[in-house]
Amino acid sequence: MASSTPDRLSVLKTYKLYLGGAYPRTESGRTMPIHDAKDNLVAHFCLASRKDFRNAVGAARKAQDSWASKTSYLRGQILYRMAEMLDGRADEFCQALVVGGHTAKQAQQELEASVDRLVAFAGWADKYSQILGCHNPVAAPYYNFSVPEPSGVCVAVAPDESPLLGLVSLLAPLLCVGNAVVALGSQKAPLATALFGEVCGVSDVPAGVVNLLTGDRAELLPEFAAHRDVDAILSANLRPAERRILDLGTADNMKRVHHEKWGKGAIMDTSIMHGPDRLLPLIEIKTIWHPVGR
Amino acid sequence: MTSKTLNIEAPALDFGEHWEYAPAPEGTKVEIAARYGAFINGEFVKGHGRKRLATVNPATEETLSEVLIANPKDIDDAVAAARAALPKWKRLKPQERAKYLFRIARRIQERARELAVLETLDNGKPIKESRDVDIPEAAKHFFYHAGWADKLDYVFPGRKARPVGVCAQIIPWNFPFLMAAWKIAPAIACGNTVVLKPAETTPLTALRLAEIFQEVGLPPGVVNIVPGDGTTGAALAAHPGCQKLAFTGSTAVGKELARINAGNSKRLTLELGGKSPHIIFNDASLDAAVEGVVQGIFFNQGHVCCAGSRLFVQEDVLPEVQQLLRARLHNLRVGDPLDKNTDLGAINSASQLATIQHYLKQGVAEGASLQQIKTKLPKKGYWCAPTWFEGVQPAHVIAREEIFGPVLSVMSFRTPEEALTRANNTPYGLAAGIWSDKGARIFDIAAKLKAGVVWCNTYNRFDATSPFGGYKQSGFGREGGRHGLLPYLELS
Amino acid sequence: MGMNSSKHESGRPVDPVALEQRAASFCTRSLKKETKAQGLRLVVAMTDLTTLEGSDSPEKVRSLCRKALCPDPSIPNLPQVAAVCVYPKWVALAKECVGDSGVRVASVASAFPSGQVALETKLADVREAVAQGADEIDMVLQRGAFLSGNFQEVEDEIRAIKDACESAHLKVILETGELGSMDAIAKASHLAMNAGADFIKTSTGKIQPAATMPVTLLMLEAIRSHYLAGGGMIGMKPAGGIRAAKEALHYLVMVKETLGNAWMTPEWFRFGASSLLNDVLRQLQRLESGRYAAQYDVTET
């Protein structure tokens, strides 16, 4: 990021949130500076507040119905476009991951795995209901079938490690089945989250379907648990105390809370990460009866 | 004909010449080479066959190109190429294999206009259809199957999925590009390699698809295209180097292919002819039903295996249905397939036109009443105005044999049981349409119809996710959806 | 007359999915050259040029009428619009402005747009407009009563208003955006036709959604069904929501291919519009000059 001339100042930025299809600053005015391994200032990131979260949930709720009503084919196409747009910005993302502490090789691997993950779930969009849904042969003259429907508005809490792949691993399955998402990215390395908001902006993602926050996990987890218009929460690799906070959300309004645990190397294992079983906690099963008769 | 619901003194609606639509020709020009050979092992080759066939634009009768009639040596080369490409292709990481299919889908979308025009020139179908249906559906087919490549172990619980091997595929002339997509996409997504023979009268878009394979860097030999005639098809179907044969075409040829392969272990799927019925109940939305019937038999000039060629109308609504049918057909425009306002294009070949005309004569001879809207048909080319027969009896030849043209047989029924019996009374069983506002009845009749696809309050809807195929002599095996993968997989 | 048969028809189900698809198919018609030019002129001749604002004033009405009489002097052989459509208060002034040009004066009445007043008040509203010289009355269907299932009351009201219209022709506005389902719109259409409507009209233009192609198709099919059962010709008017000339041409295709040539005149089909006219004029200018028009190349009323 050195300038071509010695006295040229670079344009420092504060990365903003991605919320409701736009890029607002946090309403709290707070930022968090992030430094690289050599202690150079990378940039300022928004420290999202409870009100930002509230606004994000509002945006997600507004968007979710129409997102779920789109054909599966179209949702798949949008996920595929996200993969294409991410792939197109490979260099930028690799650089961001290196700044966050990866080696160049690790960054490349993480970027490629993230693109492939989006492609894999783009492919699931118009297939998972053929695996997770079914006709039920009830013992009475009724046509009975079970269909998977999205949970609704979901919160995703991404792990600190794998700042890009961790986020994508939660977003892809959530979006694939028709949920709208409010995601909190890695706290230690938020740059990938901020950049991913830009990818969403050019991928035909309808406003409000994806909302990305950067901020303090400890501050925000209780808010996630307490908000009654959130239908489900998906997390990965949280500590027990953190999981407990979120689980209390179930106790409050029956939020579906699911904690994934990705062991060493698991995040790169596609046989684990791309399985349709990962979609089960993110859907509701609706069973429909209709009489059969002249 | 008297009716309780109609006052026959109300004058008919006037759909004559007023505010005529000016010609709206599709402007895109398409390059067509004077000669084409085959596409084998990733290259366009001249081929060993000495003979060529002229592929003709059925709307103008002009020759578009001279195309190779591949001979047995060409087939040997193609099968050998597919066999050689198989180990690497099936061992490729599934996610990487998927990417080829994604690229093919994208490329089809990018070249969509050119492909649509070429399809219309070679086949005779209206540009509106090739542009809005054939080409986009083909792209979607590749997108859908791209997504399965890395998910095959989930197709059948508890079983690992492996490719079958080299697949011989023979496709018909009615949806040349789309049928190529329907065959190739699932086969290669599952790790198989392919030798495909396009129809004699419509080889051009399959050869253009081969260009796309080259553009996306599909490894040589994964898909091979060998054009030709019946002799080519016979040689391919019998070739012992193939582990699978997939055929879409007439029931007569399908039976012959089954005979040729009796006793060997080749996997076989056949998608054959049909004489699919519509049943319109008196509680149906009649405007929707008539539109569905019209789409069902006149779409693609009736050259559709699942065409709804028999219409059963509940007797008390028959006069109204006939009146709406007549009104609708007044607005069906027959003519230059490259005109964007044409609804019905040319019949694909002189021989198919002769077959249709034979059945029209047959119908009249049997005592059915031939109905056609007066239309001015072009002087050159092969044309048939949309036709329906009234007063058809189930025993009539026109009610039993597949005509494969824009000809509808209209019959009536009194009770659901009668409709069901008549609808099922056929050696075919590809598709059926039910028109009723009552859900319970729809599910009941759908359960009892012997047809592989039942459309309820709609017709001729296709989707890559939806399995398609027939009962009885309409063939066996399914294409599309999860079930459509099974013919291309060994489960163990 | 086809009264009994119409009652049977009004029970016939409609299919919203099929309507959407059929309506969309009309938009694939490609209209070029003479077809386009003729179509655009027909749209002008079928326009009910409308102003229904709380802020309407004498100048606004005069300006509207001037535009109605001569929409664009730069385009040769341009027809007049079919009618101007105003609130009852402005009927007399509008009548004065259009004189004996042949442009009709249509008035909304019956407590437009909500219709939520007593029948007597509505009838007084209608009579006043008729007395001032209105050639056409656009009334609103009583949606509240309709949605509560009081169909007889709704029908009786239409008959009473038809009576009060004397020789003026009556359009019944169904306010399709409030009726909730295609079945309800079909039922309302048949109810209005049986009760004596000369025209059935989609919307007041005051709520969304206003006219759409599937809803218009449904109403055209209802008119066809009524006609084929011996009920005679009824006119149709989509109102509100049609802004682009291209859209209007697709509506004409829909009329032509559903009802045929007899309905392709201002006698039987109208567009209720304000900004549509200017888009049509810009298109006609382009056909004349070969260039895209600027905003200011047509007058705002």
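These legends accompany close-up views of a predicted model.

**View 1. Chain C as a whole.** Chain C carries 13 helices and 8 strands. Its radius of gyration is 19 Å, close to the 19 Å that the globule rule gives for 301 residues, so chain C is as compact as a globular protein of that length. The C-alpha trace of chain C spans about 55 × 45 × 30 Å along its principal axes.

**View 2. Burial, contacts and surface of chain C.** Of the 301 residues in chain C, 58% count as buried. Take the contacts in chain C with a separation of 6 or more: residues 24 or more positions apart account for 76% of them. The chain exposes about 11400 Å², and carbon and sulfur atoms supply 51% of that area. Chain C has 33 positive and 35 negative charges, and the mean positions of the two sets are 6 Å apart.

**View 3. Thr51(C) in its loop.** Thr51(C) sits in the loop between strand 1 (47–50) and helix 4 (58–69) of chain C. Its relative accessibility is 3%, under the 20% cut-off, so Thr51(C) counts as buried. The side chains of Thr51(C) and Asp56(C) make a polar contact at 2.7 Å. Residues up to four places away in sequence are not counted in the contact list of Thr51(C). That list holds Asp56(C), Lys60(C), Leu64(C), Cys85(C), Val86(C) and Tyr87(C). Asp56(C) thus appears both as a touching residue and as the polar partner.

**View 4. Asn424(B) and Lys450(B).** Asn424(B) belongs to helix 13 (residues 416–424) of chain B. Lys450(B) is 26 residues apart from Asn424(B) in sequence, yet their C-alpha atoms are 6.0 Å apart in space. A polar atom of the Asn424(B) side chain lies 2.8 Å from the backbone nitrogen of Lys450(B). Leaving aside neighbours within four places in sequence, Asn424(B) is in contact with Lys448(B), Leu449(B), Lys450(B) and Lys472(B).

**View 5. Glu62(B) between two strands.** Glu62(B) is placed in the loop between strand 4 (52–56) and strand 5 (63–68) of chain B. Its relative accessibility is 46%; Glu62(B) therefore counts as partly exposed, a class that runs between 20% and 50%. Not counting residues up to four places away in sequence, Glu62(B) touches Thr55(B), Val56(B) and Asn57(B). His483(B) is 421 residues apart from Glu62(B) in sequence. From C-alpha to C-alpha, Glu62(B) and His483(B) are 42 Å apart in space.

Methods
Residues are numbered from 1 along each chain as its sequence is written. Chains are lettered from A and ligands numbered from 1 in the order in which they are written. This is a predicted model: local features need pLDDT of at least 70, side-chain atom pairs count only at pLDDT 80 or more; totals for chains, interfaces and linings use all residues. Side-chain values use heavy atoms; hydrogens and water are left out. Helices (H or I, at least four residues) and strands (E, at least two) are DSSP runs, numbered from the N terminus. The radius of gyration is taken over C-alpha atoms; the globule rule is 2.2 Å times the number of residues to the power 0.38. Buried means under 20% relative accessible area, exposed over 50%, partly exposed in between (1.4 Å probe, protein chains only). Contact means heavy atoms within 4.5 Å. Accessible areas come from the Shrake-Rupley method with a 1.4 Å probe; for residues, only the protein chains shown count as cover. Lys and Arg count as positive and Asp and Glu as negative; His and the chain ends are not counted. The place of a charge is taken as NZ of Lys, CZ of Arg, CG of Asp or CD of Glu. A polar contact is a pair of N or O atoms within 3.5 Å; within protein, one must be able to donate a hydrogen and the other to accept it, and residues adjacent in sequence count only if both atoms are side-chain atoms.
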